[in-house]
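Trainee: Before I use terms such as buried or salt bridge, I would like to see how each one is justified.
Mentor: Then let us take them one at a time.

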Amino acid sequence: MTTDTLALPLLDLSRLDAGPAARQAFLDQLRAAARDVGFFYLRGHGVPEALVAQVKAEARRFFALSEADKLAIEMVHSPHFRGYTRAAWERTRGEPDWREQFDIGAERTAIPQGPGVPPWLRLQGPNQWPAAQPELKTALLRWQAELTRVAIRLLEAFAAALGQGEDALAPIYGDTPNQHIKIIRYPGREATGSSQGVGAHKDSGFLTLLLQDTQRGLQVEGEDGRWIDAEPVPGTFVVNIGELLELATNGYLRATVHRVITPPAGTDRLSVAFFLGARLDATVPLLDLPPTLAAEARGPASDPQNPLFHDVGPNYLKGRLRSHPDVAQRHYADILAGQAAAT
């Protein structure tokens with residue numbers, strides 16, 4: 001496949017509060033960007049630049065820690081799938097992903113496991129934190145709160161853009177949304193011998209908000225098979241749609257395949273990804289779209305190369321939604337538990 005330098009759409013969240021005409025224009029742009037591309041840049045989000053700089057600096061400090069400090073909080077030590085993962089220890093589509101990363105979720109009390117307790121509730125629990133860098137916890141938990149605010153504002157805007165009440169999705173994320181942060185470092189080509197920073201995939205939640213540094217690498221697959229470079233744009237997040245929104249809208253909104261290319265030799269790439277998903281115990285309904293929008297819905301398209309769907313077939317989720325169109329719904333935690341077990 002070839003690459004294309006076509007820019008992704010650029011949206012300004014502050015237009016939601018700039019009067020009725022600007023608000024409606026933003027909603028129309030949001031709906032089009034999410035339907036036609038599934039990715040866009042977001043500015044006007046209100047996240048303080050000082051916090052952005054702090055999170056980038058703390059991420060750099062973390063990856064500069066000694067290997068012993070990082071391995072002390074390796075993910076294998078956490079029953080909740082939180083912590084550090086070494087480069088090439090995860091695989092996508094059968095190939096190693098050349099990125100080292102540190103994962104955290106919502107800082108909540110673990111739920112005791114036992115008879116009658118759904119196994120996916122083990123995903124809730126405390127994070128691991130590096131003893132050598134106490135400032136990381138403060139920065140990332142503040143980041144989590146700020147990005148949750150932005151993501152929920154976007155979900156309210158999506159609901160309005162789709163002819164729903166702004167709170168249409170609120171029962172799904174509620175007071176305990178699934179919050180997930182990855183700070184990620186992609187080493188240069190001289191350390192990897194591979195172009196795969198992370199292989200082609202879709203995200204499974206509601207929304208992903210990505211903070212990039214100055215090194216390019218993220219690519220979005222276009223409908224014609226070309227790869228679009230998501231060049232870093234200062235002051236923005238790259239936002240993409242997850243499979244939950246695609247399923248909830250019967251494919252009107254689009255979860256798009258994307259990948260990260262390993263940086264050139266002598267460089268590395270830093271990014272901070274925030275994922276917002278549903279509560280662990282939520283069921284996600286099929287939204288009742290207005291007739292004009294419903295007629296344009298293409299049906300959800302799960303990734304046939306996603307290992308989570310191998311046991312049930314690539315059309316399982318599509319069939320599950322369509323077999324009971326009046327009560328179509330799915331348990332988000334089923335996906336999360338399988339995804340966590342696969343990493």
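**Reasons behind the labels**

Mentor: In this predicted model, Glu246 and Lys202 meet through their side chains in a salt bridge, at 3.8 Å from N to O.

Trainee: What makes the contact of Glu246 and Lys202 a salt bridge?

Mentor: The cut-off is within 4 Å, between a side-chain nitrogen of Lys or Arg and a carboxyl oxygen of Asp or Glu. Glu246 and Lys202 are 3.8 Å apart, N to O, so the pair qualifies.

Trainee: Where do Glu246 and Lys202 lie in the chain?

Mentor: Glu246 is in helix 7 and Lys202 in the loop between strand 9 and strand 10, 44 residues apart.

Trainee: Why does Lys202 count as buried?

Mentor: Buried means under 20% relative accessible area. Lys202 has 14%, so it is buried. Glu246, at 5%, is buried as well.

Trainee: Arg216 forms a salt bridge with Asp229. Why is Arg216 called partly exposed?

Mentor: Partly exposed lies between the limits of 20% and 50%. Arg216 has 38% relative accessibility, so that label applies. Asp229, at 8%, counts as buried.

Trainee: How do you know that the span of helix 2 agrees with its number of residues?

Mentor: At 1.5 Å a residue, its 15 residues should span 21 Å, and the end C-alpha atoms are 22 Å apart, which agrees.

Trainee: Why do we say that the buried residues of helix 2 line one face?

Mentor: Those residues, including Leu51, Val55 and Phe62, fall within an arc of 135 degrees seen down the helix axis, so they line one face.

Methods. Residues are numbered from 1 along each chain as its sequence is written. This is a predicted model: local features need pLDDT of at least 70, side-chain atom pairs count only at pLDDT 80 or more; totals for chains, interfaces and linings use all residues. Side-chain values use heavy atoms; hydrogens and water are left out. Helices (H or I, at least four residues) and strands (E, at least two) are DSSP runs, numbered from the N terminus. The expected span of a helix is 1.5 Å times one less than its number of residues. Buried means under 20% relative accessible area, exposed over 50%, partly exposed in between (1.4 Å probe, protein chains only). The arc is that of the directions from the helix axis to the C-beta atoms.
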